[in-house]
Amino acid sequence: MTDDYLSRIGKLIRDARQHRGWTQTQLAEALGTSQSAVNRIERGNQNISLEMIARIGEALDSEIVSLGYAGPMHLRVVGGRRLSGAIDVKTSKNACVALLCATLLNSGRTTLRRVARIEEVYRILEVLGSIGVRTRWINDGADLEIVPPAELDLAAMDTEAARRTRSVIMFLGPLLHRMGQFRIPYAGGCDLGTRTVQPHMTALRHFGLEVTATDGMYHARVDRAVAPTRAIVLTERGDTVTENALLAAARHDGVTVIRNASPNYMVQDLCFFLEELGVKVEGVGTTTLTVHGLAEINRDVDFAPSEDPVEAMSLLAAAVVTESELTIRRVPVEFLEIELAVLEEMGLDHERSAEYRADNGRTRLLDLTVRPSKLQAPIDKIHPMPFPGINIDNVPFFAAIAASAQGSTLIHDWVYDNRAIYLTELNRLGAHVKLLDPHRVLVEGPTRWRAAEMMCPPALRPAVVVLLAMMAAPGTSVLRNVYVINRGYEDLAERLNSIGAQIETFRDI
C-alpha cells in the first residue's frame, strides 16, 4: 500500500471511530491490540492487512471501513502441537446473558465485572440499546455499565439481533412488570432441534402473562389481577425457564415458591445478583427457591459473575486430546465435580490446588493441572443430568475425550433433538463415532487424528469439539464459518494460541 492510501484508510477509520463515539483505547480493546497501534493506523503510519480492515469494519459497524462485505470468519489450524503453560477461565457466558436481562428489573445503575465479550452478549446489548437502555464498556473494556431509561421503547427493538439469540426469551420475566402488553421476536440461537418455550409460558402464567405466537413474534398481554396463589412447579428443570420465573418473582410484591428449579451455575449467579438488588432468595443451589420480591427496585449495584464451567471443560478437553500438560486457573469446581470424578475413573492424571472464592464471594474455584494420561473408556454411559450431574453442555466434550481413550464409550445426549448427530463430524478427522439414533453415539478409541477442511457445525459445543480435534490432528485443518463459536467464547483462537496452539483466523474477502 502507498503512504497516501494508508493515510486515506486511516482517516476513514478515525472518522468511523469518532462517529461511533469510541476512543482509540476502546477500538484497540475491541481489536485486541494497543492504543498506540490504533493511533499509528489512523495516522497512516502502519501497514494494514485486508483482514485487519475487515475486523475494524466489523468492530465499528462501518461499511466504508470494511470495504464491502467481509464474509464469514474461518479458522486455519496447524495441529499436532502440544499445549503448555497456564490459562484463566473466563466468566460464564450463560450467567452474563441472564444478568443482562435481569438489569431490566432495576431502575438504578448496574455494573457487571469481567463480562464475556462474545457474540451472544453483543446481540443482547444491541437489543437493550435499541429499546433505550444505555450501556458502555468501562475500565478499558473489562466491565460493563448498564443504565435503563425511565420508559422502554419496545417498538424500536432490533428484531434482527433478537432473533439471533435464545436469550431474548428471558425478557418476558422482567418486562411483564413494566408493560401491560408487548411483543418480542421468536428466540433463535443454536440449531439444536425443536426446543419448546411452553415451560416458560406455563411458569409465567402465574404472574398474569398470556402469550400468543404469530408472524414470528410472541405477543404478550399481562393481567395485573393475577398473582401466584401457590407454589410454581416448573414442568421442565431448565436453566432459562428457572431464570425467567426468578425474574418474574423478583418484582412480584410477595413471596413466590418455585419448585423443580434448576440449581445450575448461571441460576445461582442470577440469585446472587438478585440478592444484591435487595431481593431475598432462599434455597439457592437446591430445586426449591423461595423468592421475596420487591414491587420496585432502584439500586446502584456492582456484581461479578463467576467463571464458566463449560469453558473450563473445553480447556480440559483441549489438554486431553493434545496430550498436553496444562494448568487451568479459576475452575468453578463445584460445577465440574461429577465430570472430574468420571475422568478420574478413566485414568486422568491431574492435580488440584486449594480452593478459593470467586469474585461473587460464593462460588468455589481451584486451579487444575492436567497431564498426559492413558485413558480407558468409562464403564457406564456418559449422559447429562440436572446439576449436580454432568452438565448438559459438557457432554459433547466427552466425545473428543472418549475418542482419545482406549475402548468404547456410549454417549447419550437425551436433551437435544439432534445435537448428537453433529458429533459424527469427528469422523472426518479420523474418529470412529457411530450414530445409534438421534440421541446416542458410540465412540471407539483411541483415534489417529487426521487433518481435514470442513464447515463448522451449527451448534456451539460440537463446533468447539471439532476445533479441539483439529488441534490434535497433525497437518493443517480448516474450519469454516465459526460464528457459532464466537457466540459462546471470547477470543478462543487467540487464547489457545497463547498456550501453544497454532490457529489463524481469516476471511474470504
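Biologist: Glad you could join me! Leaving aside neighbours within four places in sequence, which residues is Asn244 in contact with?

Modeller: This is a predicted model, and in it Asn244 is in contact with Ile169, Met170, Leu172, Gly173, His200 and Leu204. Asn244 itself sits in helix α11 (residues 239-250).

Biologist: How far apart are the C-alpha atoms of Asn244 and Leu204?

Modeller: They are separated by 7.7 Å, although the two residues are 40 residues apart along the chain.

Biologist: And why is Asn244 called buried?

Modeller: Its relative accessible area is 0%, and buried means under 20%, so Asn244 is buried.

Biologist: Now to the helices. What makes α2 roughly perpendicular to α3?

Modeller: Helix α2 (residues 24-31) and helix α3 (residues 35-42) pack at an angle of about 105°, with their axes 8 Å apart. Angles of 65 to 115 degrees count as roughly perpendicular, and therefore α2 is roughly perpendicular to α3.

Biologist: Which residues meet there?

Modeller: From α2 come Gln24, Thr25, Leu27 and Ala28, and they meet Gln35, Val38, Asn39 and Glu42 of α3. By kind, the residues of this contact are three nonpolar, four polar and one charged.

Biologist: Last topic: which residues have the most contacts inside the largest nonpolar core?

Modeller: Phe171, Phe182, Leu479 and Ile485 do, in a core of 153 residues. Helix α17 (residues 460-472) gives this core its largest share, eleven residues. Another core, of 16 residues, lies apart from it, with Leu6, Ala16, Val38 and Met52 among them.

Biologist: What does Phe182 touch, not counting residues up to four places away in sequence?

Modeller: Phe182 touches Leu154, Leu172, Leu175, Leu176, Leu209, Tyr218, His219, Ala220 and Val222.

Definitions and conventions
Residues are numbered from 1 along each chain as its sequence is written. This is a predicted model: local features need pLDDT of at least 70, side-chain atom pairs count only at pLDDT 80 or more; totals for chains, interfaces and linings use all residues. Side-chain values use heavy atoms; hydrogens and water are left out. A nonpolar core is a set of buried Ala, Val, Leu, Ile, Met, Phe, Trp, Tyr and Cys residues joined through side-chain atoms within 4.5 Å. Buried means under 20% relative accessible area, exposed over 50%, partly exposed in between (1.4 Å probe, protein chains only). Helices (H or I, at least four residues) and strands (E, at least two) are DSSP runs, numbered from the N terminus. Contact means heavy atoms within 4.5 Å. Axes are lines fitted to C-alpha atoms, for helices over the stretch in contact, and angles run from 0 to 180 degrees between N-to-C directions. Angles under 35 degrees count as roughly parallel, over 145 as roughly antiparallel, 65 to 115 as roughly perpendicular and the rest as oblique. Ala, Val, Leu, Ile, Met, Phe, Trp, Tyr, Cys and Pro count as nonpolar, Asp, Glu, Lys and Arg as charged, and the others, Gly among them, as polar.
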